Amino acid sequence: MAHGEVLEFEEYVRTRQEALLRSARRLVPDPIDAQDLLQTALVRTYGRWDGIADKSLADAYLRRVMINTRTEWWRARKLEEVPTEQLPDASVEDGTEQHADRALLMDVLKVLAPKQRSVVVLRHWEQMSTEETAAALGMSAGTVKSTLHRALARLRQELEARALDACALERDDARRAHRRDGREQERCAA
């Protein structure tokens, strides 16, 4: 690669790195994995930078490389997770409702297959059109629409299930508190 193109790539990375990292964070839930994903995509793109004729499409090219890389990682992963009946509580560091909603959404996105997750991220977070999403993922617009429909239905189903679980936990807590209060009243009366 010519010296001028190296400088052009460095400038591109410097100006776009935050936006690209946000895209990576939407594709993988762990922040460290997102950084690794972006770094891997940048390394792969660096070798082909001179082949990108229209540099205004570099973001789309890099997002595609990130999606392909994430899919490779997903396929190569070993099943190291042990399923449990109880999901761990998601921690929210700043306590604001917006961040809690975002954390919940990121957690819920994990239930989607990689293809569905990619379509949801590109259409709703990256705000790409159906045609742009189809081009970025190498599928037809109809496939994007049907995949998005199924993915959103699955997300709704998961959110409803979690809401029902939360209500059941609240009822159980209220029953326990009521029983505890009754026992305390009996002790005081005796």
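Thr45 is found in helix 2, and this residue offers a convenient entry into the predicted model. At 1% relative accessibility, Thr45 counts as buried, because the cut-off for burial is a relative accessible area under 20%. Leaving out residues up to four places away in sequence, Thr45 touches Phe9, Ile52, Tyr61, Leu62 and Val65. One of these partners, Phe9, is 36 residues from Thr45 in sequence, and the two C-alpha atoms are 9.3 Å apart in space.

The pair Thr45 and Phe9 leads to the packing of helix 1 against helix 2, since both residues take part in that contact. The axes of helix 1 (residues 3–27) and helix 2 come within 9 Å and cross at roughly 145°. The crossing of helix 1 over helix 2 is right-handed. On the side of helix 1, the contact is made by Val6, Phe9, Val13, Gln17, Leu20, Leu21, Ala24, Arg25 and Leu27. Helix 2 contributes Pro31, Ala34, Gln35, Leu37, Leu38, Leu42, Thr45 and Tyr46. Behind such lists stands a general rule: an α-helix has 3.6 residues a turn, so residues three or four places apart point the same way.

The wider setting is as follows. The chain holds seven helices and zero strands, and its elements run α-α-α-α-α-α-α from the N terminus on. Of the 190 residues in the chain, 29% are buried. Among contacts between residues at least 6 apart in sequence, 63% join residues at least 24 apart. The accessible surface of the chain comes to about 13,100 Å², and carbon and sulfur atoms account for 51% of this area.

Helix 2 is also joined to helix 3 through charged side chains. Arg44 forms a salt bridge with Glu72, with 3.1 Å between the closest N and O atoms. Arg44 lies in helix 2 (residues 31–46) and Glu72 in helix 3 (residues 58–76), so the salt bridge ties together parts that are 28 residues apart in sequence. Both partners are partly exposed: Arg44 has a relative accessible area of 37%, and Glu72 has one of 40%.

Helix 3 takes part in a second salt bridge, in which the side chains of Arg63 and Glu126 meet at 3.6 Å, N to O. Glu126 lies in the loop between helix 5 (114–125) and helix 6 (130–137), whereas Arg63 belongs to helix 3, so this pair ties together parts that are 63 residues apart in sequence. Arg63 is buried, with a relative accessible area of 14%.

The loop that holds Glu126 also contains Gln127. Although Gln127 is not a glycine, its phi is positive, at about 55°. Gln127 is exposed, with a relative accessible area of 66%.

On one side of this loop stands helix 5, which has 12 residues. Helix 5 reaches 15 Å from its first C-alpha to its last, close to the 16 Å expected at 1.5 Å a residue. Its buried residues are Pro114, Gln116, Arg117, Ser118, Val119, Val120, Val121 and Leu122.

On the other side of the loop, helix 6 contains Thr133. At 0% relative accessibility, Thr133 counts as buried. Which residues surround Thr133, leaving aside its neighbours within four places in sequence? Thr133 is in contact with Val119, Leu122, Arg123, Met128 and Val144. Val119 and Leu122 are among the buried residues of helix 5.

The charged pairs described above belong to a count of nine salt bridges. Another salt bridge joins the side chains of Asp107 and Lys110, at 3.4 Å from N to O. Asp107 is partly exposed, with a relative accessible area of 23%, and Lys110 is likewise partly exposed, with a relative accessible area of 47%. Asp107 and Lys110 are linked with Arg154, Glu158 and Arg162 in a network of salt bridges.

Definitions and conventions
Residues are numbered from 1 along each chain as its sequence is written. This is a predicted model: local features need pLDDT of at least 70, side-chain atom pairs count only at pLDDT 80 or more; totals for chains, interfaces and linings use all residues. Side-chain values use heavy atoms; hydrogens and water are left out. A salt bridge is a side-chain nitrogen of Lys or Arg within 4 Å of a carboxyl oxygen of Asp or Glu. Helices (H or I, at least four residues) and strands (E, at least two) are DSSP runs, numbered from the N terminus. Buried means under 20% relative accessible area, exposed over 50%, partly exposed in between (1.4 Å probe, protein chains only). Contact means heavy atoms within 4.5 Å. Accessible areas come from the Shrake-Rupley method with a 1.4 Å probe; for residues, only the protein chains shown count as cover. The expected span of a helix is 1.5 Å times one less than its number of residues. Axes are lines fitted to C-alpha atoms, for helices over the stretch in contact, and angles run from 0 to 180 degrees between N-to-C directions. A crossing is left-handed if the near helix is turned anticlockwise from the far one by less than a right angle, and right-handed if clockwise.
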